[in-house]
Amino acid sequence: MQKSNTSPTPQRIIVAISGASGIRYALLLMRALRTIPDVEVHGIISPGAQAVIKHETQLKLSTISNAFHILHQPTNIAAAPASGSWSHNGMIVCPCSMASLAAIASGVGTNLIHRAADVCLKEGRPLILVPRETPLNEIHLRNMLRAHQAGATIMPPCPGFYHQPQTMDQLMWQFIGRILEQLHLPHNLYARWS
Ligand SMILES: Cc1cc2nc3c(=O)[nH]c(=O)nc-3n(C[C@H](O)[C@H](O)[C@H](O)COP(=O)(O)O)c2cc1C
């Protein structure tokens, strides 16, 4: 399914944070990516995500923005991730709101997150969506199926419990590890099943 685009060195990963609950997943994901040598993390934070960040964290937006190697503005539709000729190794929308899921599933590329996701699908590059909502209505479910059929990987934040987590972060690290595995990135975030 993946086309043989020239792989960039260092590896480039796009992390888009949209306005769903679960900002801590994005924070842990960025922490994990920053520990992997030769990975350049490109970030996009939607205005919706900025609102959720205020509700869910004590962090300043600049603290989160500075954790990326390169931050792109969601309104900058001319930024590198908007072009298929800019090569990268995959994009993760974490967390992914139902609004962003709908835009991605229907190919509406009006902001940089949606456009970059659309580019991933057309170029056959990995696109991981971490949709967060509950309960899910029929539209949400159909949009997930549509995105999956177009080539996205749908990973709702459903951590396992078989590693017997004692803290919330231990629970979440396991899920972050599962995301990195999808991108064939090395990690030691939890004891894998053996
Ligand atoms: C505190 C807060 C929590 C939210 N949680 C969710 C959520 O879990 N899932 C969701 O789909 N939308 C959630 N929303 C609504 C989205 O942020 C809203 O639909 C927004 O327009 C999404 O746009 P974006 O995807 O461009 O960020 C939440 C909003 C706020 C303010």
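Two strands are taken to pair when DSSP finds at least two bridges between them, and on that basis this predicted model contains an open sheet of six strands, arranged in the order β3-β2-β1-β4-β5-β6 with parallel pairing. The sheet ends at β3 (70-72) and at β6 (153-154), the edge strands, each of which pairs on one side only. Strands of a sheet pair through backbone hydrogen bonds, either parallel or antiparallel.

One pairing within this sheet can be followed residue by residue. Strand β4, which covers residues 91-96, runs parallel to strand β5, which covers residues 127-131, and four bridges join the two. Among the residues involved is M91, whose bridge partner in β5 is L127. Strand β4 also holds P95, and the peptide bond that joins C94 to P95 is cis, with omega at about -10°. A cis bond is found again between T134 and P135, where omega is near -5°; P135, however, belongs to the loop between β5 and α6.

Across β4 and β5 lies helix α4, made of residues 98-105, which runs at about 145° to β5. The reader can use α4 as a landmark for what follows, since the helix takes part both in the shell around the ligand and in a contact with α6.

Which residues come nearest to the ligand? Of the 16 residues around it, these are G19, S46, G48, M98 and S100. Helices α2 (47-56) and α4 each supply at least two residues of the shell, and the largest share, five residues, comes from α2. In character the shell is mixed, with six nonpolar residues, eight polar ones and two charged ones.

The second role of α4 is its packing against helix α6, which spans residues 138-150: the two axes come within 9 Å and cross at roughly 45°. An angle under 35 degrees would count as roughly parallel, and one from 65 to 115 as roughly perpendicular; α4 and α6 are therefore oblique to each other. The crossing of α4 past α6 is left-handed. On the α4 side the contact is made by M98, L101, A102, I104 and A105, and on the α6 side by H140, N143, M144, R146 and A147. Seven of these contact residues are nonpolar, two are polar and one is charged. M98 thus appears in two settings, being named among the residues nearest the ligand and also in the contact with α6.

A further helix pair is formed by α1, residues 23-34, and α7, residues 168-182, which pack at an angle of about 60° with their axes 10 Å apart. These helices, too, are therefore oblique to each other, but α1 passes α7 in a right-handed crossing, whereas the crossing of α4 and α6 is left-handed. From α1 the residues R24, Y25, L28, L29 and A32 meet D169, M172, W173, F175, I176, I179 and L180 of α7. Ten residues of this contact are nonpolar and two are charged, with no polar residue taking part.

One backbone feature remains to be pointed out, in the loop between β6 and α7, where Q164 has its place. Phi of Q164 is near 50°, a positive value in a residue other than glycine.

How values were computed
Residues are numbered from 1 along each chain as its sequence is written. This is a predicted model: local features need pLDDT of at least 70, side-chain atom pairs count only at pLDDT 80 or more; totals for chains, interfaces and linings use all residues. Two residues are in contact if their C-beta atoms, placed from the backbone, lie within 7 Å. Axes are lines fitted to C-alpha atoms, for helices over the stretch in contact, and angles run from 0 to 180 degrees between N-to-C directions. A residue is near a molecule or strand if its C-beta atom, placed from the backbone, lies within 6 Å of it. Ala, Val, Leu, Ile, Met, Phe, Trp, Tyr, Cys and Pro count as nonpolar, Asp, Glu, Lys and Arg as charged, and the others, Gly among them, as polar. Angles under 35 degrees count as roughly parallel, over 145 as roughly antiparallel, 65 to 115 as roughly perpendicular and the rest as oblique. A crossing is left-handed if the near helix is turned anticlockwise from the far one by less than a right angle, and right-handed if clockwise.
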